[in-house]
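Colleague: Could you take me through one part of this model up close? I'd like a single connected answer, starting from the chain as a whole and then settling on one strand.

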Amino acid sequence: MTHLRQVATVAGWEFRRYFKWKDQIVSFGFFLLMALASTGFTMVAGSKGRTVTVALAGVAIELPDDGRIRFVPAAADDEARTRALRGGEVQGILSRRADGTFELLVTKDPRYRAELVTLVGETVRRERLAASGLTPADLERILVPASLEVRFTDPARGRRDTAEKVTAGAFIGILLLAIFTGMAYLFTGITGEKQLRVTESVISAISPQAWIDGK
């Protein structure tokens, strides 16, 4: 038997030993299940969630139609506010200090903090806009980003760049997948040899180099 035939025999035997269609189908199903679970978790995490009631103490904030925060007037005295907060009637009490900063009183970490910060920021922005004498249209015109269009001397250059980036990304993805998969099979083969002790059984039948090349 030639050296090339020996290498092909060893390679085929190694491939059939570790490549099982059942394992591939199970792995693909597990990967698909994890992808669906990740998508579902992302959708749930990004959803609006339950409505949050925040009591306003001397603060006027415009509430958008699509938000999950609901504003209600706060009680007149501090004891009633604290009682409503601890009883779960409201999830937070928003007030404004004398220096213009805001304070949110809660019993636990507010998960709606980012949305509330956005609403408070909009309120402060409108106040500053009114104090500056500018109209919303003037501010919008000032904040319009500059437009920059890239034009190539060769009109087909832009299309080629897009195709090259897509091709390069696909090639890099396939290459990384091949590297990680190859390393996994390599380590699996090494540990398998330690367990099965098959090397000593066949090393006398073929040359050591053919055995290594095939593996």
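What percentage of the 215 residues of the chain count as buried? And once that's clear, which residues of strand β1 are buried on one side and which on the other?

Modeller: Of the chain's 215 residues, 20% count as buried. Keep in mind that this is a predicted model. Mean pLDDT over the chain is 78, with 80% of the residues at 70 or more. Confidence bottoms out in helix α7 (residues 199-202), where the mean is 56, and peaks in strand β4 (residues 102-105), at 90.

As for the layout, there are 8 helices and 4 strands, and along the sequence they come as α-α-β-β-α-β-β-α-α-α-α-α. If you take the contacts between residues at least 6 apart in sequence, 51% of them join residues at least 24 apart.

Now for β1, residues 52-57. All 6 of its 6 residues are buried, so the strand is largely enclosed by the rest of the structure. To your second question: Val52, Val54 and Leu56 are buried on one side, and Thr53, Ala55 and Ala57 are buried on the other, so both faces are covered. That split follows a familiar rule: in a regular strand, side chains alternate between the two faces of the sheet.

β1 also has partners to look at. With strand β2 (residues 69-73) it runs parallel, joined by 5 bridges, and Leu56 stands opposite Pro73 there. With strand β3 (residues 92-96) the pairing is parallel too, over 4 bridges; in that case Ala55 has Ile93 as its bridge partner.

Step out into the loop between β1 and β2 and you meet Arg68, whose side chain forms a salt bridge with that of Glu115, at 3.5 Å from N to O. Glu115 sits in helix α4, so this pair ties together parts that are 47 residues apart in sequence. Arg68 counts as buried at 19% relative accessibility, a whisker away given that the cut-off is under 20%. Glu115 is partly exposed, at 23%.

Helix α4 (residues 113-132) is also where you'll find Thr123. That residue is buried, with a relative accessible area of 5%. Leaving aside residues up to four places away in sequence, Thr123 touches Ala60, Ile61 and Glu62.

The search of the whole structure turns up 7 salt bridges. Another of them links Arg97 and Glu103, whose closest N and O atoms are 3.3 Å apart. Both ends are partly exposed: Arg97 at 42% and Glu103 at 37%. Then there's Arg141 with Asp138, at 2.7 Å from N to O. Those two are 3 residues apart in helix α5 (residues 136-143), about one helical turn. Here Arg141 is exposed, at 56%, while Asp138 is partly exposed, at 21%.

For contrast with the buried strand, look at the surface. The chain exposes about 16700 Å², and carbon and sulfur atoms supply 63% of that. A nonpolar patch of about 930 Å² is made by Phe171, Ile172, Leu175, Leu176, Ile179, Phe180, Met183, Leu186 and Phe187. Phe187 belongs to helix α6 (residues 157-196).

One last stop is Thr9, in helix α1 (residues 3-18). Thr9 is partly exposed at 40% relative accessibility, and its C-alpha lies 9.4 Å from that of Ala210, 201 residues away along the chain.

Terms used: Residues numbered from 1 in each chain as written. Heavy atoms only, no water. Buried < 20%, exposed > 50% of the residue type's maximum accessible area, 1.4 Å probe, protein only. Pairing = 2+ DSSP bridges. Patch = residues over 30% accessible without salt bridge, like charges linked within 9 Å, V, L, I, M, F, W, Y side chains within 5 Å. Areas by Shrake-Rupley, 256 points an atom, 1.4 Å probe, with all protein chains shown as cover. Salt bridge = Lys/Arg side-chain N within 4 Å of Asp/Glu carboxyl O. pLDDT = per-residue confidence, 0-100. Contact = heavy atoms within 4.5 Å.
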